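Here is a friendly walk through one small set of coordinates. Please keep the viewer open while you read.

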Amino acid sequence: MLNLVFYTDNTLKAEPYTTPEIIANNTGNNLDNVNRLIRNKKSSLERFGVLEFEIRKPLKTLKVAFQILPFKSLAF
């Protein structure tokens with residue numbers, strides 16, 4: 001089983017999350033390809049939660065990282 005989803009902490013209020021790095025490392029895919037797929041499938045992925053992203057500068061190149069966050073609550 002792949003470990004793709006983690007929790008923010010060990011409390012009952014912990015929220016599940018994943019990152020492109022986690023997906024790439026556990027599926028054997030290239031990080032750039034995972035980020036591209038996330039950008040291309042953004043509207044489909046948003047049904048699972050909020051897509052949060054940040055731009056961070058790793059040691060050698062500039063990368064865009066996404067994180068899929070859960071829905072807080074829906075009011076109908």
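Contact means that heavy atoms lie within 4.5 Å. With that cut-off, and leaving aside neighbours within four places in sequence, F6 is in contact with E15, P16, Y17 and I22. Please bear in mind that this is a predicted model.

Let us stay with F6 for a moment. Its place is in strand β1, which covers residues 6-7. The C-alpha atoms of F6 and Y17 are separated by 5.4 Å, although the two residues are 11 apart along the chain. Is F6 buried, exposed or partly exposed? F6 has a relative accessible area of 32%. Buried means under 20% and exposed means over 50%, so a residue in between is partly exposed. F6 is therefore partly exposed.

Now for the wider view. The protein has three helices and four strands, and from the N terminus on these elements run β-β-α-α-α-β-β. The table gathers some values for the whole protein.

| Property | Value |
|---|---|
| Share of the 76 residues that count as buried | 20% |
| Share joining residues at least 24 apart, among contacts between residues at least 6 apart in sequence | 29% |
| Exposed area of the protein | about 6,300 Å² |
| Share of the exposed area supplied by carbon and sulfur atoms | 57% |

Next, the helix pair α1 and α2. Helix α1 spans residues 20-27 and helix α2 spans residues 31-40. How do their axes cross, and at what angle? The two axes come within 9 Å and cross at roughly 125 degrees. That angle makes α1 oblique to α2, and the crossing is right-handed. On the α1 side, the contact is made by P20, E21, I23 and A24, while α2 brings in L31, V34, N35 and I38. Sorted by class, the contact of α1 with α2 has six nonpolar residues, one polar residue and one charged residue.

Which residues of α1 are buried? They are P20, I22 and A24. P20 and A24 also take part in the contact with α2, and I22 is among the contacts of F6 in strand β1. Just after α1 comes G28, which takes a positive phi of about 75 degrees.

To retrace the path in your viewer, you could begin at F6 in strand β1, step across to its contact I22, and then follow α1 to its oblique meeting with α2.

Terms used: Residues numbered from 1 in each chain as written. Predicted model: local features only at pLDDT ≥ 70, side-chain atom pairs only at ≥ 80, totals over all residues. Heavy atoms only, no water. Helix = DSSP H or I, 4+ residues; strand = E, 2+ residues; numbered from the N terminus. Buried < 20%, exposed > 50% of the residue type's maximum accessible area, 1.4 Å probe, protein only. Areas by Shrake-Rupley, 256 points an atom, 1.4 Å probe, with all protein chains shown as cover. Axes fitted to C-alpha atoms, helices over the stretch in contact; angles between N-to-C directions. Parallel < 35°, antiparallel > 145°, perpendicular 65-115°, else oblique. Left-handed = near helix turned anticlockwise from the far one by under 90°. Nonpolar A, V, L, I, M, F, W, Y, C, P; charged D, E, K, R; others polar.
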